[in-house]
Amino acid sequence: MNNFIDRIHGDQDVTLCEIENAIRPVEIINAAAECTPVFTVEDQYVQRVAPMPEKAPDDLACAITGIEDIFSTCFDQFILPSELGTAAWAKPAGSMELGDYRAFKGLATA
């Protein structure tokens, strides 16, 4: 933490993270992309809203209907939306062993 504070205060010689520290998190993200495809949420679960209607009423964004409540419930119960039972748009995640995982082999397909 002291290195972080020193860096914020301008000490450019302080190393925050060696590249080796990033290898495992990148492997985990790559493995997740390999074992779980990205799905398109069906239109019936999506609402289009103007995030700043007073400034740009025609500038619409997409949001999953009720996503705030869904995420809040998932957080409270420590579960994923697909495990909730009320988020029909959510698909279960895949899984894989990471023991010898070292190379990204490509995105999962639906």
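Is Arg48 buried, partly exposed or exposed? Arg48 is partly exposed, with a relative accessible area of 48%. Here, buried means under 20% relative accessible area, exposed means over 50%, and partly exposed lies in between (1.4 Å probe, protein chains only).

**Before you start**

This is a predicted model, in which local features need pLDDT of at least 70, side-chain atom pairs count only at pLDDT 80 or more, and totals for chains, interfaces and linings use all residues. Residues are numbered from 1 along each chain as its sequence is written, and side-chain values use heavy atoms, with hydrogens and water left out.

**Stop 1: the whole chain**

Show the cartoon. The protein has four helices and two strands. From the N terminus, the order is α-α-β-β-α-α. Helices (H or I, at least four residues) and strands (E, at least two) are DSSP runs, numbered from the N terminus.

Now zoom out. The C-alpha atoms fill a box of roughly 50 × 45 × 30 Å along the principal axes. The radius of gyration is 20 Å, while a compact globule of 110 residues would have one near 13 Å. That radius is taken over C-alpha atoms, and the globule rule is 2.2 Å times the number of residues to the power 0.38. Of the 110 residues, 15% count as buried.

Turn on the surface. About 8800 Å² is exposed, and carbon and sulfur atoms supply 57% of it. Accessible areas come from the Shrake-Rupley method with a 1.4 Å probe; for residues, only the protein chains shown count as cover.

**Stop 2: helix H1**

Select Phe4, in helix H1 (residues 2-8). Phe4 is partly exposed, at 43% relative accessible area. Add Ile5 and Ile8: with Phe4 they make a nonpolar surface patch of about 290 Å². Patches take residues with over 30% relative accessible area and no salt bridge; like charges are joined within 9 Å, nonpolar side chains (Val, Leu, Ile, Met, Phe, Trp, Tyr) within 5 Å.

**Stop 3: the salt bridges**

Side chains of opposite charge can pair when their charged atoms come close. A salt bridge is a side-chain nitrogen of Lys or Arg within 4 Å of a carboxyl oxygen of Asp or Glu. The whole structure has three.

Select Arg24 and Glu27. Their closest N and O atoms are 2.6 Å apart. Both residues lie in helix H2 (residues 20-35), three residues apart, about one turn of the helix. Arg24 is partly exposed at 33%, whereas Glu27 is buried at 10%.

Add Arg102. Its side chain meets Glu27 in a salt bridge (3.6 Å, N to O). Arg102 lies in the segment after H4 and Glu27 in helix H2, so the pair ties together parts that are 75 residues apart in sequence. Arg102 is exposed, at 57%. Arg24, Glu27 and Arg102 are thus linked in a network of salt bridges.

Next, select Asp43 and return to Arg48. They form a salt bridge, with the closest N and O atoms 3.7 Å apart. Asp43 is exposed, at 58%.

**Stop 4: helix H3**

Which residues of helix H3 (residues 67-77) are buried? Select Ile67, Ile70 and Cys74. They cover an arc of only 65 degrees around the axis, which puts them on the same side of H3. The arc is that of the directions from the helix axis to the C-beta atoms.

Look at their cover. It includes strand S2 (61-64) and helix H4 (81-84), judged by contact, meaning heavy atoms within 4.5 Å. Rotate to the other side of H3: Glu68, Asp69, Phe75 and Asp76 are exposed there.

Finish at Phe78. Just after H3, Phe78 takes a positive phi of about 55 degrees.
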